[in-house]
Number of protein chains: 2
Amino acid sequence: MDKKKIPDIIIGRLPLYLRALNRMAANGSAVTSSKELGEWVGISAAQIRKDISQFGEFGKQGTGYNIDFLSKKIRGILNIDRIWDVAIIGMGDIGHGLTEYQGFRDRGFQVTLVFDNAPEKIGSKIGELTVHNIADMVDIINTADVKIAMIAVPANHAQAIADELTKTSVKAILNYAPIRLNVPDGVHVQYIDPATRLQWMTYYL
Amino acid sequence: MDKKKIPDIIIGRLPLYLRALNRMAANGSAVTSSKELGEWVGISAAQIRKDISQFGEFGKQGTGYNIDFLSKKIRGILNIDRIWDVAIIGMGDIGHGLTEYQGFRDRGFQVTLVFDNAPEKIGSKIGELTVHNIADMVDIINTADVKIAMIAVPANHAQAIADELTKTSVKAILNYAPIRLNVPDGVHVQYIDPATRLQWMTYYL
DNA sequence: TAGATTGTTAATCGATTAACAATC
DNA sequence: TAGATTGTTAATCGATTAACAATC
């Protein structure tokens, strides 16, 4: 029982708090309050305080939260007080864009392995990285002991890739294919599907 | 009162149901049940039935749901029984990838306008599309009467772009910049931030 | 008819909000 | 000290699940 069971939905909000705190720090602020932070992320002050208090007493009555301190605490909680290696499978437009994306670096991630199965892509370079053959994926990922992967292959291949990944060190998958993945317990999956998000909004148009 | 107020969270699940239904149809199925659909999307059968029943009685006791029929109904509810034009602002890696992304076409969307502010990009071609100057964005979008935009500019410019967009016909924004946008009532925003999703999962690693 | 599955109601569960004593 | 804001408890709100009559 070294870790109290925290609701998943609270964990999901921590990255948003962190994002806002980083921005406040960049603006030169040193201290914030649950009220201000709530306005930044669009969440009530009460909920901000309740969420944060799950992990300790990081604020001070009367003054609020020290931004650097809280930021450091949240990074520790989320295990991003380090740099995680990431593998990307599928070098189409999405995979290529993710490989070049500069937004990962200062948020705890670096892409170190990229894969495709197209003969004309295998062996080519994307920035510093060489595109590897998906056929060699399991071995290469295991050797590198990479824990995080992003799937950017067509929907009809995504489950097969996920199945392969479960034979590796990968324990967190960010899936860009518009399909739900079945994975064993202990492997975490998050989904990104822009069309789904757009369809959500068209209801209100 | 022509439209009963449906919880937003239910609306957000409809695109997932639709995605699964399309896939089932592609597999040659004609009929499904709340149980089967639930397994496809990872949601309980009871919830599937409850969600769908908000909009009408689309199933039959004993047999379940006709896939084509339900699919058509959901497309109607979500207003994607048509093709929506989409504008993309920012032609960096993300914007470029989204412009080329083939996954929008058969899900109700087509990218028709793209913008950047870099002189070397303005006037260049991406596929069929010419990159327009962000300075001309308000006029061009209004003339085309585009209702949906995706923001793919750096975080520190995203709010300014959103402010400009609120002067246009755009009423739905999909924001790829890692920052919350303030927009007036009646403008809808959804967020996509892969780093945030990854940070969510590292908690469990 | 017998079996299956819906639509819906009531019960349960969990998350959010309001309120306030503690205290910086 | 007076004002501000936390951490936490209790109240409220909303979402999910269980159960089952209706019926295909």
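This section describes a predicted model, starting with chain A as a whole and moving on to helix packing and individual residues.

Chain A contains eight helices and ten strands. Its C-alpha trace spans about 65 × 45 × 35 Å along the principal axes. Of its 205 residues, 49% count as buried. The exposed surface of chain A amounts to about 9,800 Å². Carbon and sulfur atoms supply 51% of that area. Among contacts in chain A with a separation of 6 or more, 55% join residues 24 or more positions apart.

Helix α8 of chain A covers residues 194-202. Nine of its nine residues are buried, so the helix is largely enclosed by the rest of the structure. The buried set begins with P194(A), A195(A) and T196(A). It continues through R197(A), L198(A), Q199(A) and W200(A). M201(A) and T202(A) complete it. Two residues of this helix, L198(A) and T202(A), are also in contact with I148(B).

The corresponding stretch of chain B, helix α8 (residues 194-202), packs against helix α1 (residues 8-26) of chain A. The two axes lie 9 Å apart, at an angle of about 130°. α1(A) is therefore oblique to α8(B). The crossing is right-handed. On the chain A side, the contact involves D8(A), I11(A), G12(A), P15(A), L16(A), L18(A) and R19(A). These residues meet T196(B), Q199(B) and W200(B). By class, the contact has five nonpolar, three polar and two charged residues.

A second helix pair lies within chain B. Helix α2 (residues 34-41) and helix α3 (residues 45-53) of chain B have axes that come within 8 Å. They cross at roughly 105°. This angle makes α2(B) roughly perpendicular to α3(B). From α2(B), the contact draws on S34(B), K35(B), L37(B), G38(B) and V41(B). Their partners in α3(B) are A45(B), I48(B), R49(B) and I52(B). The residues of this contact divide into five nonpolar, two polar and two charged.

Two residues of chain B were examined individually. I148(B) lies in strand β8 (residues 148-151) of chain B. Its relative accessibility is 1%, so I148(B) counts as buried. Leaving aside neighbours within four places in sequence, the contacts of I148(B) draw on both chains. In chain A they are L198(A), T202(A) and L205(A). In chain B, I148(B) is in contact with W84(B), D85(B), V86(B) and A87(B). F109(B), V170(B) and A172(B) are further chain B contacts of I148(B). G64(B) is 84 residues from I148(B) in sequence. The C-alpha atoms of these two residues are 35 Å apart in space.

V138(B) is found in helix α6 (residues 137-144) of chain B. This residue has a relative accessibility of 17%. The cut-off for burial is under 20%, so V138(B) counts as buried. Not counting residues up to four places away in sequence, V138(B) touches E164(B), K167(B) and T168(B). S169(B) lies 31 residues from V138(B) along the chain. A distance of 8.8 Å separates the C-alpha atoms of V138(B) and S169(B).

Terms used: Residues numbered from 1 in each chain as written. Chains lettered and ligands numbered in written order. Predicted model: local features only at pLDDT ≥ 70, side-chain atom pairs only at ≥ 80, totals over all residues. Heavy atoms only, no water. Axes fitted to C-alpha atoms, helices over the stretch in contact; angles between N-to-C directions. Helix = DSSP H or I, 4+ residues; strand = E, 2+ residues; numbered from the N terminus. Parallel < 35°, antiparallel > 145°, perpendicular 65-115°, else oblique. Left-handed = near helix turned anticlockwise from the far one by under 90°. Contact = heavy atoms within 4.5 Å. Nonpolar A, V, L, I, M, F, W, Y, C, P; charged D, E, K, R; others polar. Buried < 20%, exposed > 50% of the residue type's maximum accessible area, 1.4 Å probe, protein only. Areas by Shrake-Rupley, 256 points an atom, 1.4 Å probe, with all protein chains shown as cover.
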